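Student: I should like to take a close look at a single part of this structure and then see what surrounds it. Could you begin with one strand and proceed from there?

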Amino acid sequence: MAVKMDTFFVSHGSPLLSIDDSIPARGFFKLWKSQVLREIPKTILVVSAHWETYAPTVNVISGLNDTIYDFHGFPKPMYQLKYPAPGAPKVARRVKELLQGAGFGPVEEEKARGLDHGSWVPLMFMYPEANIPVCQLSIQTMEDGTYHYNMGKALAPLRDEGVLIVGSGSATHNLRATGPDDAPIVSWALEFDAWLTNSLMNGSHEDVNNYEDKAPHAKMAHPSPDHFYPLHVALGAAGEQAKAELIHASFTESSLSYSSYRFYNI
């Protein structure tokens, strides 16, 4: 019988995480199996900030996932990294079944798309052997936080089936407002980050779902919602009574938060 899985939101931050040892979150991801989640999942479902579609879409890959280099102008070694994890076509179709059963259909299948850097960059440290099947689910940026939270609720049965649900985005993500690493962390990023952690710890799911109206500096922290909606999916999948644990906190570039959370039930 599969172990019931907690769900997670991880902040993957900059693609430089893949090669830059100075980024604090890199050490956090490397310690994933020993300090964060000792149970080995049967399959991993990643909801990445870097896959936006009009309709919910799953990647249905029968062989190995391709590694997508969906970033530009970075050091050449980054384009030589590979994360050839097996696809998870059965779980992808199970995701489709659950979402359509909850009224999110039609859910589309993508049979050529591999893993974007929101998936493979953290996974290459979390599960470096690349031997656990992985599939992805897209986000819909024209929808709101409540929509993605309810999407997560529909996926809750996967937790009993040995599937690790990971939302991958960033706790704050305004690339036009970054600065040097040695600069002080800007106040709006600190305040939004603190609000997010406090809201999650207090179980204020409605406030998190309606963060545009409830959070300080919401539009500054997230000019676009793409890096935040994966959190809503992971939170919804854990359920309305879920507790939250802050499992990592750091900043780079004076405003980019790597706050990451576990959602669990007592």
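Tutor: The account below begins with one strand, β6, and then turns to an aromatic cluster, a pocket and several individual residues.

The model is a predicted one. Strand β6 comprises residues 163–169, and seven of its seven residues are buried. In a regular strand, side chains point alternately to the two faces of the sheet. One may therefore ask which residues of β6 are buried on each side, taking buried to mean under 20% relative accessible area. On one side these are Val163, Ile165, Gly167 and Gly169, and on the other they are Leu164, Val166 and Ser168. Both faces of the strand are thus covered.

Which strands pair with β6? Strand β1, residues 7–11, pairs with β6 in the parallel sense over four bridges. Within this pairing, phenylalanine 9 has glycine 167 of β6 as its bridge partner. Strand β2, residues 43–52, also runs parallel to β6, and six bridges join the two. Here leucine 45 has isoleucine 165 of β6 as its bridge partner. Glycine 167 and isoleucine 165, the two partners named in β6, belong to one side of that strand, and both are buried.

The next subject is the aromatic rings. The model contains 14 aromatic pairs. In one of them, the ring centres of tyrosine 69 and tyrosine 79 are 6.0 Å apart and the planes meet at 50°, so the pair is tilted. The two tyrosines are 10 residues apart, and each is in the loop between β3 (57–59) and α3 (89–101). Are these tyrosines buried, partly exposed or exposed? Tyrosine 69 counts as partly exposed because its relative accessibility is 22%. Tyrosine 79, with a relative accessible area of 28%, is partly exposed.

A further pair consists of phenylalanine 71 and tryptophan 120, whose ring centres are 6.3 Å apart and whose planes are at 50°, so this pair is tilted. Phenylalanine 71 lies in the loop between β3 and α3, whereas tryptophan 120 lies in helix α4 (residues 117–126), so the pair ties together parts that are 49 residues apart in sequence. Both phenylalanine 71 and tryptophan 120 are buried. The four residues just described join Phe74 in one aromatic cluster, made up of Tyr69, Phe71, Phe74, Tyr79 and Trp120.

Phe74 leads from this cluster to the largest pocket. The space in that pocket amounts to about 280 Å³. Its lining has 21 residues, and those closest to its centre are Ser14, Pro15, Phe74, Leu175 and Glu253. What kinds of residue make up the lining? Eight are nonpolar, nine are polar and four are charged.

Histidine 232 offers another example of a buried residue. This histidine is part of helix α10, which spans residues 229–238. Histidine 232 counts as buried because its relative accessibility is 0%. Leaving aside residues up to four places away in sequence, histidine 232 touches Gly145, His148, Tyr149, Val208, Asn209 and Tyr211.

Certain details of the backbone also deserve attention. Glycine 105 and proline 106 are joined by a cis peptide bond, with omega about -5°. Proline 106 is placed in the loop between α3 and β4 (108–110). Alanine 130, a residue other than glycine, has a positive phi near 55°. Its place is in the loop between α4 and β5 (134–139). Alanine 130 counts as buried because its relative accessibility is 9%. Serine 254 likewise has a positive phi, near 70°. This serine is found in the loop between β8 (251–252) and β9 (256–257). With a relative accessible area of 7%, serine 254 is buried.

Glycine 203 completes the account. It is found in the loop between α6 (187–201) and α7 (205–209). Glycine 203 counts as partly exposed because its relative accessibility is 37%. How far from alanine 242 is glycine 203 in sequence and in space? The two are 39 residues apart in sequence, while their C-alpha atoms are 7.3 Å apart in space.

Notes:
Residues are numbered from 1 along each chain as its sequence is written. This is a predicted model: local features need pLDDT of at least 70, side-chain atom pairs count only at pLDDT 80 or more; totals for chains, interfaces and linings use all residues. Side-chain values use heavy atoms; hydrogens and water are left out. Buried means under 20% relative accessible area, exposed over 50%, partly exposed in between (1.4 Å probe, protein chains only). Two strands pair if DSSP finds at least two bridges between them. On a 1 Å grid over the protein atoms alone, a cavity is a set of points where a 1.4 Å probe fits but cannot get out, and a pocket is an open set with protein on both sides within 12 Å along at least five of seven lines; lining residues have an atom within 4 Å of a point. Grid points are joined across faces, edges and corners, and a volume is the space filled by probe spheres set on the points. Ala, Val, Leu, Ile, Met, Phe, Trp, Tyr, Cys and Pro count as nonpolar, Asp, Glu, Lys and Arg as charged, and the others, Gly among them, as polar. Contact means heavy atoms within 4.5 Å. Rings of Phe, Tyr and Trp (its six-membered ring) pair if their centres lie within 6.5 Å; planes under 30 degrees apart count as stacked, over 60 as edge-to-face and the rest as tilted.
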